[in-house]
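Hi everyone, thanks for making room for me on the agenda. I'd like to walk you through one part of a structure I've been looking at, so let's bring it up on the screen.

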Amino acid sequence: MRIKRQAVTSTRSKATTWLRITLSTGILLFIISGLIHFLSSSSGGGKTDAYYAMRRRGNDSTIRAVANDSAVTAKRRNDVSTATDEQSNTYYDSGNNHHKILSLTIDISPPTAIIRIAVLQTKAYEFLSFMVDNQQTECNPCTIYRGEPVPNYWGSHDYPDRYFDNGRWGPPYALVQGGLVNSKFNTVQQDNHRPQILKRGMVAWAGGNSIHFFIALADHPEWGDFHTVWGEVLEEDMPLVDALVRERPLKVLEQNNPVVTNFVEPMQFHLEWG
């Protein structure tokens, strides 16, 4: 009888010991898990909230996330700076030169993606004012139809110094292009604002005096002063332009000469000042 009691007591003691070990292990794992979550959420690996939003959503949602981030950046910039005069929709550059702001509102899906361009006070202003005032009949729709990514070897000396025949600059790469088709203007009067190097973010007329335009995604030393620049995308809006090419589906038209890359689905936009 004594032996039996000792066996029962020993069994209970072992069960109690295992229960304590199990509970202690569970509590320890819970504490470690919480600590890891706290450290990862606080450090973020150097990435922004917009980055994680883009990773979760993808494609057009990525563009919307960048658009939201650009809008927040712009608001913060306006809160601490007088760069933009909201009453006159005027942008002042670093040299205190003023430029009218033209907004391209892209029809993707809400929230709306807006690209703001500081327009140089040039001969293009008359044409752009006409398009803003009459876009319901004259530019219906206006579209962004071409997207040329920036290749990894952009500007590399391992490739010929040309923008055709597999050169380091093309066939023309690093741009987003759109059109302002209308019934009044087939060409646009242009002035002599032709920089020797067309810089990233600059907006220029495609070809000679075309009503089609493009936004440079990188510096373009290969063209010299061929293109007339009529505006420049605000710095905080350039990530949105980059996202269009990076996230929207593209198709390569190899039968063209030179080869061009278009968006599978052109994007409609409308114009307004400010």
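I'll talk about one helix, the aromatic rings around it and the strands it packs against. Please keep in mind that this is a predicted model.

Let's begin with helix 4, which covers residues 124-138. How far does helix 4 span between its end C-alpha atoms? The answer is only 16 Å, whereas a straight helix of 15 residues would span 21 Å at 1.5 Å a residue. If you look along helix 4, you'll find a kink of about 55°, centred on V132. V132 is also one of the buried residues of helix 4, and others include F127, F130 and Q135.

What do those buried residues pack against? Their partners are strand 3, strand 4, strand 7, strand 9 and strand 11.

Now for the rings. The count of aromatic pairs comes to 10. Take F127 and F185: their ring centres are 5.2 Å apart and their planes lie at 80°, so this pair is edge-to-face, given that planes over 60 degrees apart count that way. This pair links distant parts of the chain, with F127 in helix 4 and F185 in the loop between strand 6 and strand 7, 58 residues apart. Are they buried or exposed? Both F127 and F185 are buried.

F127 has another partner, W205, and that pair is edge-to-face too, at 5.8 Å centre to centre with 65° between the planes. Here the link runs from F127 in helix 4 to W205 in strand 7, 78 residues apart. W205 is buried, as is F127.

Zooming out a little, which residues make up the aromatic cluster? F127, F130, F185, W205, F213, W230 and F269 form one cluster.

That brings me to the strands, and to strand 9 in particular, which spans residues 229-233. Strand 9 is mostly covered, with four of its five residues buried. Strand 4 runs antiparallel to strand 9, and three bridges join them; here A118 stands opposite E232. Strand 7 pairs with strand 9 as well, again antiparallel and over three bridges. In that pairing, V203 has G231 as its bridge partner.

One last ring before I stop: the charged end of K100 sits over the ring of W273, 6.0 Å from its centre.

That's my tour, and I'm happy to turn the view around for anyone who'd like another look.

Conventions:
Residues are numbered from 1 along each chain as its sequence is written. This is a predicted model: local features need pLDDT of at least 70, side-chain atom pairs count only at pLDDT 80 or more; totals for chains, interfaces and linings use all residues. Side-chain values use heavy atoms; hydrogens and water are left out. Rings of Phe, Tyr and Trp (its six-membered ring) pair if their centres lie within 6.5 Å; planes under 30 degrees apart count as stacked, over 60 as edge-to-face and the rest as tilted. Helices (H or I, at least four residues) and strands (E, at least two) are DSSP runs, numbered from the N terminus. Buried means under 20% relative accessible area, exposed over 50%, partly exposed in between (1.4 Å probe, protein chains only). A charge sits over a ring if NZ of Lys or CZ of Arg is within 6 Å of the ring centre and within 35 degrees of the ring normal. Two strands pair if DSSP finds at least two bridges between them. The expected span of a helix is 1.5 Å times one less than its number of residues. The bend at a residue is the angle between axes fitted to the seven residues ending there and the seven starting there. Contact means heavy atoms within 4.5 Å.
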